[in-house]
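User: I would like to go through this model by question and answer, with the reasoning spelled out before each value or name.
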Amino acid sequence: MKAVHIVAYLLLFVGGLNWGLVGLFNFNLVHALLGSWSGLEMLVYVLVGVATLYVAFTHKTDCKVCSGKGK
């Protein structure tokens, strides 16, 4: 499960970075890298969404601060 956790956070990073670039500079990094492969570009967006749901539902048990383990 550690690998899933790491991949989920990497995808969240990619999604957050991409949205930040879109908001600040109107530049879509995923489209710039994968625009000629629209199917792969769509897959990246779907994986970022799935990763977001995974982290949202597992965060409290994984986070030392939110679960109270860090106190």
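User: What phi does asparagine 26 take just after H1?

Analyst: In this predicted model, asparagine 26 comes just after helix H1, a helix that covers residues 2-25. The sign of its phi is positive, and the value is about 55 degrees.

User: How many Å apart are the end C-alpha atoms of H1, and what span should its residues give?

Analyst: H1 has 24 residues, and at 1.5 Å a residue they should span 34 Å. The end C-alpha atoms agree with that expectation, because their separation in the model is also 34 Å.

User: Where does H3 bend, and by about how many degrees?

Analyst: Helix H3 runs over residues 38-62, and its 25 residues reach 34 Å from the first C-alpha to the last, which is close to the 36 Å expected at 1.5 Å a residue. Within H3 there is nevertheless a bend, which is placed at alanine 56 and comes to about 35 degrees.

User: Is valine 30 buried or exposed, and which residues is valine 30 in contact with beyond its neighbours within four places in sequence?

Analyst: Valine 30 lies in helix H2, residues 29-34, and its relative accessibility is 7%, which is under the 20% cut-off, so valine 30 counts as buried. One of its partners is asparagine 18, which is 12 residues away in sequence while the two C-alpha atoms are 6.8 Å apart. With neighbours within four places left aside, the residues in contact with valine 30 are Val14, Asn18, Gly35, Glu41, Val44 and Tyr45.

User: Which helices are included in what covers the buried residues of H3?

Analyst: The buried residues of H3 are Glu41, Val44, Val48, Ala51, Val55 and Thr58. On the side of H1, the buried residues are Ala8, Leu11, Gly15, Asn18 and Leu21, and these pack against H2 and H3. For the buried residues of H3, the cover includes H1 and H2.

User: Is phenylalanine 13 buried or exposed?

Analyst: Phenylalanine 13 belongs to helix H1, and its C-alpha is 8.9 Å from that of valine 48, a residue 35 places away along the chain. Its relative accessible area is 56%, and because the cut-off is over 50%, phenylalanine 13 is exposed.

User: Which residues make the nonpolar surface patch, and what is its area?

Analyst: One member is leucine 43, found in H3, and at 43% relative accessibility leucine 43 counts as partly exposed. The patch is made by Trp37, Leu40, Leu43 and Leu47, and its area is about 390 Å².

Methods: Residues numbered from 1 in each chain as written. Predicted model: local features only at pLDDT ≥ 70, side-chain atom pairs only at ≥ 80, totals over all residues. Heavy atoms only, no water. Helix = DSSP H or I, 4+ residues; strand = E, 2+ residues; numbered from the N terminus. Buried < 20%, exposed > 50% of the residue type's maximum accessible area, 1.4 Å probe, protein only. Contact = heavy atoms within 4.5 Å. Patch = residues over 30% accessible without salt bridge, like charges linked within 9 Å, V, L, I, M, F, W, Y side chains within 5 Å. Areas by Shrake-Rupley, 256 points an atom, 1.4 Å probe, with all protein chains shown as cover. Salt bridge = Lys/Arg side-chain N within 4 Å of Asp/Glu carboxyl O. Expected span 1.5 Å × (residues − 1). Bend = angle between axes of the 7 residues up to and from the residue.
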